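Dear colleague,

Please find below the structure that I am handing over to you. My notes on what was found in it follow.

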Amino acid sequence: THRPVTIGLAALFVLPPLAGVGFESSTLLAAASIFALYAAINLVWMLIIGTAGVSSLATYSVVGAAAYGSAYCSIHFGMPWWALPFIGVPIGLVFGLIIALPATRLDGFYYALLTLGLNELCRTYVLQSKVFGSATGGLYGAQSYIPDSLSADGQLLLGYYASLVLLVMALALYRTINGRRLGRILRMAPEQKEAFAEACGIDYRRARIQVFLLSSMALGFIGGFYAAHFRGASPSLFSIDTVALGLAMLMIGGMQRAEGAVLGTFIVVGLHHGLVGLGPLRLILIGVLMLAVVLVL
């Protein structure tokens with residue numbers, strides 16, 4: 001079952017730098033980097049929604065908070081680029097704890113609405129905060145692993161491979177948590193998860209929170225990487241559009257398999273960046289595709 005994934009990852013390492021059919025090489029590499037980065041986020045998000053069974057829509061707010069926090073530390077305290085992902089980890093953990101508390105009381109639709117509101121709260125705050133770049137549309141100036149001495153294509157190529165390594169790390173985390181006893185039990189007996197887990201000697205709610213917090217720490221790491229990759233953070237991380245596109249990626253690819261998260265991200269990023277000439281119509285196309293998948297599957 002792992003062979004298609006291995007072949008796909010090998011292709012991702014080899015093909016994008018060599019491919020140029022129908023695209024400028026810079027456009028292709030930029031889109032490929034975004035694909036790898038968002039696929040990593042969606043793999044961790046699938047742990048939260050699929051494995052832990054927590055209907056959280058605050059995934060990108062955790063990534064955004066870690067990106068802003070690590071970028072701030074780099075700009076104002078001179079933290080090196082390699083430290084930014086590790087600065088993001090505790091930020092992700094703190095946000096995870098805050099978001100996890102309502103999960104002990106709320107579930108399903110109401111919890112999804114609550115976490116969606118958290119995204120909007122974060123977006124409004126950074127848009128109005130001078131500290132986080134309200135006047136410049138974001139917080140930029142963080143140190144990056146991409147040296148300015150490289151050519152433009154060299155910078156894009158380095159950024160792509162770094163994002164691809166992040167994707168491999170997210171896939172390894174997904175396999176580790178989802179494939180072990182804790183993940184298997186959380187995924188079994190969908191209609192009677194809590195009773196089934198307790199019968200197996202596992203505190204179901206505690207197990208869900210554990211997976212949720214581990215995933216939040218991973219999202220914090222990705223947020224720190226985001227800041228080092230883009231040299232800062234943007235309010236768009238908290239936008240409803242970003243959350244909607246992320247959900248489209250998961251739903252189009254399927255929410256129960258790692259391959260689905262990666263495939264869905266590939267399709268949506270490909271449509272979103274490959275059909276720029278269509279303008280807003282490409283978003284309608286993505287929505288129609290998502291609706292068709294939901295109705296059929």
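**An aromatic pair and its surroundings**

With a relative accessibility of 17%, Phe132 counts as buried, because the cut-off for that class is under 20%. Please bear in mind that this is a predicted model.

Phe132 takes part in an aromatic pair with Tyr68: the ring centres are 5.6 Å apart and the planes stand at 90 degrees, so the arrangement is edge-to-face. Tyr68 is likewise buried, at a relative accessible area of 2%. The two residues are 64 apart in the chain, and their pairing links distant parts of it. Tyr68 belongs to helix H3 (residues 59-77), whereas Phe132 sits in the loop between helix H5 (108-128) and strand S1 (139-140). Both residues are members of one aromatic cluster, together with Tyr72, Phe77, Tyr125 and Phe238. Over the whole structure, the search finds 13 aromatic pairs.

**The nonpolar core**

Tyr68 also appears among the residues with the most contacts inside the largest nonpolar core, a set of 75 residues. The others named in that group are Leu43, Trp45, Leu166, Phe212, Leu219 and Ile222. Helix H2 (residues 25-51) gives the most to this core, contributing 15 residues. Leaving aside residues up to four places away in sequence, Ile222 touches Leu37, Ala40, Ile41, Val44 and Leu166. As a general point, nonpolar side chains tend to be buried together in soluble globular proteins.

**The second largest pocket**

Helix H2 also has a part in the second largest pocket, where it gives two or more residues to the lining, as do helix H10 (240-253) and helix H11 (258-274). This pocket holds about 250 Å³ of space. Its lining comprises 14 residues, of which Ile34, Tyr38, Leu245, His272 and His273 are the closest to the centre. Sorted by class, the lining has 9 nonpolar and 5 polar residues, and no charged ones.

**A backbone detail**

Finally, I would draw your attention to Arg231, in the loop between helix H9 (204-230) and strand S2 (232-233). Its phi angle is near 65 degrees, a positive value in a residue other than glycine. Arg231 counts as partly exposed, because its relative accessibility of 28% falls between the 20% and 50% cut-offs.

With kind regards

Conventions. Residues are numbered from 1 along each chain as its sequence is written. This is a predicted model: local features need pLDDT of at least 70, side-chain atom pairs count only at pLDDT 80 or more; totals for chains, interfaces and linings use all residues. Side-chain values use heavy atoms; hydrogens and water are left out. A nonpolar core is a set of buried Ala, Val, Leu, Ile, Met, Phe, Trp, Tyr and Cys residues joined through side-chain atoms within 4.5 Å. Buried means under 20% relative accessible area, exposed over 50%, partly exposed in between (1.4 Å probe, protein chains only). Helices (H or I, at least four residues) and strands (E, at least two) are DSSP runs, numbered from the N terminus. Contact means heavy atoms within 4.5 Å. Rings of Phe, Tyr and Trp (its six-membered ring) pair if their centres lie within 6.5 Å; planes under 30 degrees apart count as stacked, over 60 as edge-to-face and the rest as tilted. On a 1 Å grid over the protein atoms alone, a cavity is a set of points where a 1.4 Å probe fits but cannot get out, and a pocket is an open set with protein on both sides within 12 Å along at least five of seven lines; lining residues have an atom within 4 Å of a point. Grid points are joined across faces, edges and corners, and a volume is the space filled by probe spheres set on the points. Ala, Val, Leu, Ile, Met, Phe, Trp, Tyr, Cys and Pro count as nonpolar, Asp, Glu, Lys and Arg as charged, and the others, Gly among them, as polar.
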